[in-house]
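Student: I am new to this structure and would be grateful for a close look at one part of it, namely the pairing of its charged side chains. Please continue from there to the surroundings in one connected account.

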Amino acid sequence: MNIYETLRSTCILILVLVSTSFAAMAQQGSLQEGIDAYDAEDYAKALKIFEPLANQGDVDAQYYMGSLFEYGDAVDQSYDEALKWYKKAADQGDAYSHYLIGNFYKDGLSVKKSWSEAFKAYSVAADAGHDVSQYYMGYMYENGYGVDKSYEKAAHWYQKAAEQGDPDAQAFLGELYQNGKGVEQNNSLALLFYLKAIEQGNDYAASQLSTLIDDTSPDTQDKSVAFLMVADLFRDGKVSESVELWRGLAEKGDRDSQNMLGALYAEGQGGLPLSYEKAFKWFQDSALQGNGLAQYGLGMLYANGNGVEKNDFMAKFWIQKASDNGISMATDALKMFE
């Protein structure tokens, strides 16, 4: 056999091998066909496609094999087999599989429950940007599960997850701001994150919001009397003295004085410059303590984007609160959201 015949035979062999390989691939189906079958809940077909691909090292197929075994779809349910496939996918850098492995260690599925092992898995997924893993990182740091407790690191991870819209992270970050743990105490930010979580149906945030309002509700009897005494001075023309007295009462927590300062700043009256930012601060302090007029004023600032970024959800929330407290103009203002 000369060299040309040898080359010809070699080329024919290569073509046969390639054709056989493509035929086998066509017979087993593509990854996308497997995903389509999985999404259509045709798990038997999905398994037939995923299994050979997974054995060949396809990372996505390995993840799907783990899912099939975890939930017992077209196979006998097995956490052991699920974990085996998730680990294979994770070893190839699949972030979501790292998250799932974290769940297995957190819940003790086929392995001994271990927060430290869960932490290792979640940390990889969290660094890759997975929002729920970031939430769990915050949760573990806040409670000292599998890692030394650190409110600062908890806030860091909750913030990352909250920015991606995770409602649990938003709720717990709000709580950290409410209590000043790991962050500077800030009721405004606590309120903001609670409302973001509530908007997504988070019950814990709803319960915490009520504690935020309750926690700042003062014993107002003496302060209300003081407020009325200053109001008499204001009506007598002693404007500057009255404003300073109201400021002093407001700084001590008197909600009526806080509302008055908000109103004066919002209108630029009483010798005060027009400042929606300061109006926002004082309205919010008063609104958190249940003052209906302040709740209305705060809602209108949100509605018009004065002193704060325009936010219809926040506007409606506060105007509804004011309406519930009997403020008739708030009830009328609710019509703008219909």
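Tutor: Let us begin with glutamate 244, which counts as partly exposed because its relative accessibility is 47%, and partly exposed covers the range between under 20%, which is buried, and over 50%, which is exposed. The model is a predicted one, and the values that follow are computed from it. The partner of glutamate 244 is arginine 247: their side chains meet in a salt bridge, with 3.7 Å from N to O. Arginine 247 has a relative accessible area of 18%, so this residue falls on the buried side of the cut-off, which lies at 20%. The pair therefore joins a buried arginine 247 to a partly exposed glutamate 244. Their places in the chain suit such a meeting, because the two residues stand 3 residues apart in helix H14 (residues 239-251), a separation of about one helical turn. In general, side chains of opposite charge can pair when their charged atoms come close.

This pair is one of 7 salt bridges in the structure. Another is formed by glutamate 81 and lysine 84, whose closest N and O atoms are 3.0 Å apart. Helix H5 (residues 79-91) holds both of these residues, and again they are 3 residues apart, about one turn of the helix. Here neither partner is buried: glutamate 81 is partly exposed at 29% relative accessible area, and lysine 84 is likewise partly exposed at 35%.

A further bridge joins lysine 281 to aspartate 285, with 2.4 Å between N and O. These two residues are 4 residues apart in helix H16, so about one helical turn separates them. Lysine 281 is partly exposed, with a relative accessible area of 38%, and aspartate 285 is also partly exposed, at 22%.

Helix H16 leads on to the pockets. The largest pocket has a volume of about 220 Å³. Its lining comprises 14 residues, and those closest to its centre are Ala266, Glu267, Phe283, Gly297 and Met300. Three elements give two or more residues each to this lining: helix H15 (255-267), helix H16 (276-287) and helix H17 (292-304). H17 gives the most, with 6 residues. Sorted by class, the lining has 9 nonpolar, 4 polar and 1 charged residues.

Glutamate 267, named among the residues closest to the centre of that pocket, lies in helix H15. This glutamate counts as exposed because its relative accessibility is 55%, above the 50% cut-off. Its C-alpha atom is 8.9 Å from that of alanine 279, a residue 12 places away along the chain.

Helix H15 also contains serine 257. In contrast to the exposed glutamate 267, serine 257 is buried, with a relative accessible area of 0%. Leaving aside residues up to four places away in sequence, serine 257 touches Phe227, Trp246, Leu249 and Ala250.

Helix H16 contributes to a second pocket as well. The second largest pocket holds about 170 Å³ of space. Helix H11 (187-199) and H16 are the elements that give two or more residues to its lining, and H11 gives the most, with 4 residues. Among the lining residues are Ser188, Leu189, Leu191, Leu192, Phe280 and Gln284, together with Lys310 and Met314. By class, this lining has 7 nonpolar, 3 polar and 2 charged residues.

Leu191, which lines the second largest pocket, is also a contact of leucine 209. Besides Leu191, and again not counting residues up to four places away in sequence, leucine 209 touches Tyr194, Leu195, Ile198 and Phe317. Leucine 209 belongs to the largest nonpolar core, which has 91 residues. Those with the most contacts inside this core are Phe50, Met65, Met137, Tyr158, Leu209 and Trp318. A second core, separate from that one, has 7 residues and includes Tyr296, Ile319, Ile327 and Ala330. As a general matter, in soluble globular proteins nonpolar side chains tend to be buried together.

Key. Residues are numbered from 1 along each chain as its sequence is written. This is a predicted model: local features need pLDDT of at least 70, side-chain atom pairs count only at pLDDT 80 or more; totals for chains, interfaces and linings use all residues. Side-chain values use heavy atoms; hydrogens and water are left out. On a 1 Å grid over the protein atoms alone, a cavity is a set of points where a 1.4 Å probe fits but cannot get out, and a pocket is an open set with protein on both sides within 12 Å along at least five of seven lines; lining residues have an atom within 4 Å of a point. Grid points are joined across faces, edges and corners, and a volume is the space filled by probe spheres set on the points. Ala, Val, Leu, Ile, Met, Phe, Trp, Tyr, Cys and Pro count as nonpolar, Asp, Glu, Lys and Arg as charged, and the others, Gly among them, as polar. A salt bridge is a side-chain nitrogen of Lys or Arg within 4 Å of a carboxyl oxygen of Asp or Glu. Buried means under 20% relative accessible area, exposed over 50%, partly exposed in between (1.4 Å probe, protein chains only). A nonpolar core is a set of buried Ala, Val, Leu, Ile, Met, Phe, Trp, Tyr and Cys residues joined through side-chain atoms within 4.5 Å. Contact means heavy atoms within 4.5 Å.
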